[in-house]
Amino acid sequence: MEIPKTLDDFRELFEGDRLAAVFARGSSGAFAVRVSGAGLGFLSQIVLARLLGSEQYGVYTYVWTWVLILGLLSTLGFRKVLTRFVASLRTEGDMARLRGLLRRSSEVVGGIGVGIGVIGAVVCYLLRSNIGSELALTFVVGFLLLPLIALVHLRKEALTGLRCVVRGDVPFRVLRPLLLTVFAGGGWWALGKRLTAPVTMGLTFLMLVIAFGIATYWLYQYLPGSIWEVEAQYEGERWVQRAFPFLLISSAALLQSNIDVVMAGAIVGPEAAGIYKVAARITGLLSFALSSMNMIVSPITSELYTKGEMKRLQKVIGWASLGGFLFTVFGGVILLGIGPFLLGLFGSAFRDGYTAMAVLVLARAGFTFAGPTGMLMTMTGREWAASKAFGLGALLNIMANLALLPILGIVGAAVATGISTLAWNSVLAYVAITDLKVNPMASYLPLRYFHRTVQN
């Protein structure tokens with residue numbers, strides 16, 4: 001990949017169907033979507049908190065967290081199966097199996113989502129006298145969202161496999177907070193300036209229906225036309241075998257991303273957990289670059305690995321890793337400088353989370369330095385290695401939190417998260433280098449350039 005020297009060179013970088021052009025267009029578009037989605041997400045949470053009040057907002061966010069986790073788990077690992085196999089089947093021109101994969105994954109995931117949703121709604125209704133009628137009603141409405149959450153994410157991954165990365169990310173990441181903000185404002189005005197958690201959850205259901213419809217339209221629009229000319233073929237056993245490790249990975253990832261907050265609340269207290277959650281959310285801004293790169297690189301990785309073009313794969317992974325790391329370093333320095341101000345926007349008490357935020361920034365830099373190891377494993381058929389590493393990281397996170405939280409408070413939670421994240425990412429980097437023969441670390445390209453310079 002040559003560095004553009006003129007305006008025409010820069011324009012050519014984004015044109016055509018070359019991998020470099022796809023990479024440039026996709027990563028820049030995905031990054032823009034992530035940034036705008038984060039901004040809209042923060043705005044929507046501020047609006048909801050002010051319209052609902054602290055008590056109703058707490059009920060809504062608590063139920064939404066549970067519903068989101070269960071919705072993602074009900075995808076049964078088919079999300080990454082779609083990303084990988086949609087890309088490879090499209091490359092191979094196997095429209096029959098591509099059609100079968102899209103149909104069967106929607107049937108299975110939709111059915112599981114409906115089943116879990118019905119069971120959950122019935123249980124919460126029966127327990128309404130124990131947990132409170134308003135919380136129970138919010139849960140009942142929330143469980144109706146389960147199949148929609150799962151199917152929207154399936155559409156997202158299928159579009160990513162078709163290289164429609166931006167369209168895949170827009171419905172849930174951008175439209176969801178935007179529509180929810182508009183609907184919540186409208187509902188607050190229509191109900192006499194009073195909004196409740198069950199009503200807000202109902203508005204969330206309406207928002208997801210719209211997002212699902214848009215994502216489905218885009219998927220059908222960008223599928224190859226020849227897919228409708230063939231009968232669907234199924235490889236159920238193969239797809240389930242591939243999906244199971246992804247289920248383990250997603251379960252471990254959900255635990256990894258939530259256990260610190262849960263344990264901080266249980267050991268230190270809910271207020272401390274809230275401060276830590278805000279610090280972690282601000283630090284999460286640094287994930288934009290790597291996650292945006294992963295979105296566009298994942299289908300390219302699958303294609304290049306399927307074709308056996310390992311040198312080109314190494315180059316793509318090297319650029320993605322270096323770009324993500326540099327953004328994290330520069331962004332981390334900025335966050336450390338304005339951290340007290342950002343934390344203060346949520347209230348003066350939240351400034352106590354600055355030390356934890358600083359630790360999380362350092363952990364994020366180490367994480368991105370190792371490169372997109374998880375994506376590389378899952379897109380090259382090494383799901384079991386990834387699932388074992390994620391499981392190890394989740395277990396290590398729990399043990400470290402148990403040891404450090406009573407001593408260091410929320411700073412201990414940040415240290416535990418950093419240790420566990422660096423541990424599983426280092427393991428996967430070692431597997432990538434020794435087994436796949438691809439170096440995912442951010443230091444690969446600079447060291448290679450330095451080595452060539454010394455030789456010359």
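A residue is called buried when its relative accessible area is under 20%. In this predicted model, Gly 41 has a relative accessibility of 10%, so it falls in the buried class. Gly 41 sits in helix H2, which covers residues 19-73. Looking past its neighbours within four places in sequence, Gly 41 touches Pro 177 and Arg 281. Arg 176 is also worth a look here: between Gly 41 and Arg 176 there are 8.5 Å in space, C-alpha to C-alpha, although the two are 135 residues apart in sequence.

Stepping back to the whole chain, the protein is built with 18 helices and zero strands. It has 456 residues, and 51% of them count as buried. Contacts across the sequence feature strongly in the tally: of the contacts with a separation of 6 or more, 81% join residues 24 or more positions apart. As for the outside, the protein exposes about 20700 Å², with carbon and sulfur atoms supplying 66% of that area.

Salt bridges come next, and the count is two. One of them pairs the side chains of Glu 107 and Arg 104, at 3.1 Å from N to O. Both partners belong to helix H4 (residues 95-126), where they are three residues apart, or about one turn of the helix. Glu 107 has a relative accessible area of 44%, so it is partly exposed. Arg 104, at 29% relative accessibility, is likewise put down as partly exposed.

The other bridge links the side chains of Glu 157 and Lys 156, with 3.3 Å from N to O. Here the partners are tucked away from the surface by the cut-off given at the start. Glu 157 counts as buried because its relative accessibility is 3%, and Lys 156 counts as buried because its value is 13%.

What about charge on the surface? Lys 311, Lys 315, Arg 448 and Arg 452 together make up a positive surface patch. Two helices each supply at least two residues of this patch, namely H13 (310-344) and H18 (444-455). Lys 311 is placed in helix H13. Exposed means over 50% relative accessible area, and Lys 311 reaches 78% relative accessibility, so it counts as exposed. That puts Lys 311 in the opposite class to Gly 41, which is buried at 10%.

Terms used
Residues are numbered from 1 along each chain as its sequence is written. This is a predicted model: local features need pLDDT of at least 70, side-chain atom pairs count only at pLDDT 80 or more; totals for chains, interfaces and linings use all residues. Side-chain values use heavy atoms; hydrogens and water are left out. Patches are made of residues with over 30% relative accessible area and no salt bridge: like charges are joined within 9 Å, nonpolar side chains (Val, Leu, Ile, Met, Phe, Trp, Tyr) within 5 Å. Accessible areas come from the Shrake-Rupley method with a 1.4 Å probe; for residues, only the protein chains shown count as cover. A salt bridge is a side-chain nitrogen of Lys or Arg within 4 Å of a carboxyl oxygen of Asp or Glu. Lys and Arg count as positive and Asp and Glu as negative; His and the chain ends are not counted. The place of a charge is taken as NZ of Lys, CZ of Arg, CG of Asp or CD of Glu. Helices (H or I, at least four residues) and strands (E, at least two) are DSSP runs, numbered from the N terminus. Buried means under 20% relative accessible area, exposed over 50%, partly exposed in between (1.4 Å probe, protein chains only). Contact means heavy atoms within 4.5 Å.
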